[in-house]
Amino acid sequence: MFSIRSALFVSTCLALSAVTSSAQATPGWPNDEGRGSCAVTKKIDVPARMRDGTVLRADVYTPKTAEKMPVLLMRTQYGKSAAQIQPARYQTPEWFASHCYVVVVQDIRGQGKSDGTFYEYRYDRNDGYDTVQWASTLPGADGQVAMYGSSYVGATQWLAATASPPALKAIVPSNTGDDYYDGWTYEDGAFRLAFIEPWMLDTIASSAAANRGDKKLSKSLYADGKNASVWMPYTPYGSFPPLHPDKPEVAPYFYDAVAHSTRDSYWEAFQIRTHYDRVKVPVLAFDGWYDSFLNGAVNNFNGMRTEGGTPEARENQRLVIGPWEHIGWGRPNGTISPRLKDIGAVANSPVNELTVQFLDHVLKGQANGYSDGPRVDYFTMGENRWHTAKSFPIEGTQYVTWYLGSVGRANSSMGDGSLSTRPIKKTAVSDQFTYDPANPVPSVGGHSCCSWTSGPQGQFDQSAIEQRPDILIYTSPVLENPVNVTGPITVNLFASTDAKDTDFTAKLVDVAPDGRAINLNNGIIRASYRDSLSNPTEIVPGQIYEYHIKVWPTSNLFKAGHKIRLEISSSDYPQFAPNPNTGEPLGTATTRVIAHQTIWHDKAHPSSVILPILSAAIAGDAADHAPQN
């Protein structure tokens, strides 16, 4: 069924622009800056036979030299000829090959020019292993292979790495996760609607249909993806019409993902987070504060530091986090939300230059100044400068508790909600709001995927939506001194509801003296998933529970004169599918009920947000440019 508020997404977000539109040329990109010395030849559609006989095809770029060189491999579902060059992302395969690498860009199974049937994640572990070993024997190859690429192309790297192919010596994943259930398809129990539906429609399902020769269906899927704002209100998700539930060849992975709404054996088969011990190589990873997979990138860095399969792997983990979105990497001609674009050249991603330096160091043994791990290079917004640390969260971080309070009317930015580092004595015991799933709070920015022009992603002023009475606003006094918040944020929320199930959301906001309220990051919890993502349990209407909402990490300098703000609500649409409050399974829910929510902040129920604070000494020196080595 369609929501009576189906116009909401259209009126609050920009028109959908498909990820695949990013293949269009971006002025000034790519360029020849930093090109290497090797001349390059190219072969297209080079076949590789997988263990089950399926043939995958790649374009191979080989340096014109008698010396054998390492291989740099990209396995992509987005077209080997596109090679993730646009919008202002990677340099061309020829550019990387000019640095004296054999570069291989392969269409994965069931996509592009490759044979077989596409099913996301399912074949990429074994196919990745087989392709790495095949690539290591190509003419001109010295037997060493590294991998690179972003998003799903990062997933193909991690999945291959967890198979431990002997020829694999390094990976360079960007904007990718550790878990294809939590932080990819779902987030703490909530379905990531604005990412999953458009991505599958206009990109992977459409291109898979083209691979099968069904051009009519491919065009239809692409068109529906371009108009996803019309389809997003549709329920039940288990019979979502545009992906043709009656045709199992179209997108079975979508309906399987909806049917498996808990972390179960279906998802465990694709895990990265439980297999770090199988990954035996150094990693250089890139991500952004507003990327849809930021949490996974941090988890991968920390997981590999402690559980990586070799001492070399554990000691050589590096993560670069910039003020970026999923495909917005800072460059002036890239696709970046306006506020982040205005940061300027200091925010440009160093992914291409740093990748070559890393590979030259690891694969060629060059002492070129590349900084081994463990290391995190991160950009602090507000200050707009780069910092370096050995861990994340950063050693020496102080975790400061800020308590929620009010005189009973924290509703909207016109209310009386407050934040204080001490429990407020003169305060009401609670605040109330009404959550109507037919009229959810609009997403304005956030950490979704894949472009700010196609959904809720990036940094925006929240002032307009903060006037809604179904958002509780808790704001600190004016800061007398700067406050550096860097790291993950936890909201400990005492709440009750009269519904059988519901969601609670949290958003950290920087309020400027002129009233602009800028989102830093956000989180959500589905009430029934409060204790476990694998075994959700019902809630008792009216009972008070303590919920721990994980607001994703950020690094922001709240300047003197600014205020720290926390928004609490129960919806963030279309970033997340609205909870119908009925307790019905995700794939079958068609009805909605209104929920009456109470947020408690009395002595017995001290709702709070825990902020990671860095002193100037802990933050250390800052740079006015992205890391160069």
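Buried here means under 20% relative accessible area. Keep that cut-off handy for these exercises, which work on a predicted model.

**Exercise 1.** Work out how covered helix α3 is, and which of its residues are buried.

*Solution.* Start with the count: 9 of the 12 residues in α3 are buried, so by the under 20% cut-off the helix is mostly covered. Now put names to them. The early part of the helix gives D124, R125, D127 and G128. Carry on along the helix and you pick up D130, T131, V132, W134 and A135.

**Exercise 2.** Check the span of α3 against what 1.5 Å a residue would predict.

*Solution.* Go from the first C-alpha of α3 to the last and you get 15 Å. The expected figure for its 12 residues is 16 Å, so the two are close.

**Exercise 3.** Describe how α3 and α4 pack together.

*Solution.* Two numbers do the job here: the angle between the helix axes and the distance between them. For this pair the angle is about 75 degrees and the axes are 8 Å apart. Angles of 65 to 115 degrees count as roughly perpendicular, so that is the label for α3 against α4. Next, look at who touches whom: α3 brings D124, R125, G128 and Y129, while α4 brings Y152, T156, L159 and A160. Sort that contact by class and you find 4 nonpolar, 2 polar and 2 charged residues.

**Exercise 4.** Trace the open sheet of 10 strands and find its edges.

*Solution.* Read the order across the sheet: β1-β2-β4-β3-β5-β6-β9-β10-β11-β12, with mixed pairing. The edge strands are β1 (40-49) and β12 (385-389); each has a single partner strand, so one side of each lacks a neighbour in the sheet. From one strand to the next, the twist averages 20 degrees. Zoom in on one pairing: β6 and β9 run parallel and are joined by 2 bridges. There, S174 sits opposite F286 of β9.

**Exercise 5.** Place α3 and α4 on that sheet.

*Solution.* Take α3 to begin with: this helix touches β1, β2, β3, β4, β5 and β6, and its direction makes about 155 degrees with that of β3. Then α4, residues 152-161, lies across β3, β5, β6 and β9, at about 135 degrees to β5.

**Exercise 6.** Find the bridge partners of V400 and L404.

*Solution.* Strand β13 (residues 398-405) is joined to β25 by 6 bridges, running antiparallel. In β25, V400 is partnered by L611. Strand β13 also pairs antiparallel with β14, through 3 bridges, and in β14 the partner of L404 is L419.

Key:
Residues are numbered from 1 along each chain as its sequence is written. This is a predicted model: local features need pLDDT of at least 70, side-chain atom pairs count only at pLDDT 80 or more; totals for chains, interfaces and linings use all residues. Side-chain values use heavy atoms; hydrogens and water are left out. Two strands pair if DSSP finds at least two bridges between them. Helices (H or I, at least four residues) and strands (E, at least two) are DSSP runs, numbered from the N terminus. Axes are lines fitted to C-alpha atoms, for helices over the stretch in contact, and angles run from 0 to 180 degrees between N-to-C directions. Contact means heavy atoms within 4.5 Å. Angles under 35 degrees count as roughly parallel, over 145 as roughly antiparallel, 65 to 115 as roughly perpendicular and the rest as oblique. Ala, Val, Leu, Ile, Met, Phe, Trp, Tyr, Cys and Pro count as nonpolar, Asp, Glu, Lys and Arg as charged, and the others, Gly among them, as polar. Buried means under 20% relative accessible area, exposed over 50%, partly exposed in between (1.4 Å probe, protein chains only).
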